[in-house]
Amino acid sequence: MAGAGRRVAVAAVQFACTDTVADNVAAAERLIREAHKKGANIVLIQELFEGHYFCQAQRMDFFGRAKPYKENPTIMRMQKLAKELDVVIPVSFFEEAGNAHYNSVAIIDADGTDLGLYRKSHIPDGPGYQEKFYFNPGDTGFKAFKTKYATIGVGICWDQWFPETARAMVLQGAEILFYPTAIGSEPQDMNLDSREHWKRVMQGHAGANLVPLVASNRIGKETVETEHGNSTIKFYGNSFIAGPTGEIVKLANDKDEEVLVAEFDLDEIKSTRHGWGIFRDRRPDLYKVLLTLDGKTSSSS
């Protein structure tokens, strides 16, 4: 699909994870191949897809799931796949870096080159999502990666709730935003359903920055043995692709394995973005107040 006019096709895949790395990596490869057959140039896999979402529990043995960035077998396999299919693949993984651990993503270009690493900046810590036990706050800063097909920005799950993440990546040149995700029910309140809020926030990032956005989430029910008994999350899928005004152009449901593909003319979007004036009319000189008032209430409010 890519060609004249910088038309780029992006894909989001979603599937239910087992707790066996080989099975999940094979499932990811199968769906990437399916996305490629549908014309995708850049394919997003869900967050931490190598196994169950283990952050439901605080268990020392789960640190054994982490692997170093270099010579990582899953990343190396995706490098070979990317080169074979001529596709870009952001690869989410649990990273061991000396005595530190990160929730990370490696960006694999279409020739199999590893373009670099992003480490998740915002780390949640709530019932069922106890990531601060495992992950250091990311130290890479927000990045934009120039791939064969587009300059892309990748945030990871909790990053998607922060508009600063999206804006920082777009200001560095990102033309498409990608968010691998693992989100579902809340173990402390099974009646709480955040899926519509989750989608609207990211639709806002797309619209506010006039860029397409791709979100990939897992499906299925996962139960993890914790120090206080079993904890269960039902992941709600709803992976989607949004256009540059925030409109959803492709949407998965909450229970089926799916491959979503949508094509965008990045040159046309760039022209619209520049004409709209949202970057021309920014006032960064006034935004310093965000640092001085962070977590506080203005006396004039």
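UniProt positions follow the numbering used here, feature names are shortened, and annotations may be inferred rather than shown by experiment. This is a predicted model: local features need pLDDT of at least 70, side-chain atom pairs count only at pLDDT 80 or more, and totals for chains, interfaces and linings use all residues. Residues are numbered from 1 along each chain as its sequence is written, and side-chain values use heavy atoms, with hydrogens and water left out.

**Exercise 1. Place the annotated domain on the model.**

Step 1. Take the range from the record. The unreviewed UniProt entry annotates residues 8-266 as "domain: CN hydrolase".

Step 2. Check the ends. The end C-alpha atoms of residues 8-266 lie 7 Å apart.

Step 3. Read the composition. The span is 21% helix and 32% strand. Helices (H or I, at least four residues) and strands (E, at least two) are DSSP runs, numbered from the N terminus.

**Exercise 2. Work out the sheet E3-E4-E5 and its edges.**

Step 1. Set the pairing rule. Two strands pair if DSSP finds at least two bridges between them.

Step 2. Order the strands. E3, E4 and E5 form an open sheet in that order, with antiparallel pairing. Strand E3 (89-97) and E5 each have a single partner strand, so one side of each lacks a neighbour in the sheet.

Step 3. Add the twist. Neighbouring strands of this sheet are turned by 30 degrees against each other on average, direction ignored. Axes are lines fitted to C-alpha atoms, for helices over the stretch in contact, and angles run from 0 to 180 degrees between N-to-C directions.

Step 4. Trace the hairpin. Strand E4 (residues 100-108) pairs with strand E5 (residues 114-119) over five bridges. Val-105 has Tyr-118 as its bridge partner, and Ala-106 has Leu-117. Five residues lie between the two strands, and Gly-112 in the turn has a positive phi of about 90 degrees.

Step 5. Lay on the helix. Helix H2 (residues 73-85) lies across E3, E4 and E5, at about 160 degrees to E3. Contact means heavy atoms within 4.5 Å.

**Exercise 3. Work out the sheet E2-E1-E16 and the helices across it.**

Step 1. Order the strands. The sheet is open, runs E2-E1-E16 and has mixed pairing. Strand E2 (42-44) and strand E16 (258-265) are the edge strands, each pairing on one side only.

Step 2. Find the parallel pair. Strand E1 (residues 7-14) runs parallel to E2, joined by three bridges. One pairing sets Val-10 against Ile-42.

Step 3. Place the helices. Helix H1 (residues 21-37) lies across E1, E2 and E16, at about 40 degrees to E16. Helix H5 (residues 266-276) lies across E1 and E16, at about 60 degrees to E16.

**Exercise 4. Describe the largest pocket.**

Step 1. Fix the terms. On a 1 Å grid over the protein atoms alone, a pocket is an open set of points where a 1.4 Å probe fits, with protein on both sides within 12 Å along at least five of seven lines; lining residues have an atom within 4 Å of a point. Points are joined across faces, edges and corners, and a volume is the space filled by probe spheres set on them.

Step 2. Give the volume. The largest pocket has about 300 Å³.

Step 3. Find the lining. Its residues include Pro-163, Arg-167, Asn-209 and Tyr-287. Helix H3 (163-171) and helix H4 (195-209) each give two or more residues. H3 supplies the largest share, five residues.

Step 4. Sort by class. The lining has six nonpolar, one polar and three charged residues. Ala, Val, Leu, Ile, Met, Phe, Trp, Tyr, Cys and Pro count as nonpolar, Asp, Glu, Lys and Arg as charged, and the others, Gly among them, as polar.
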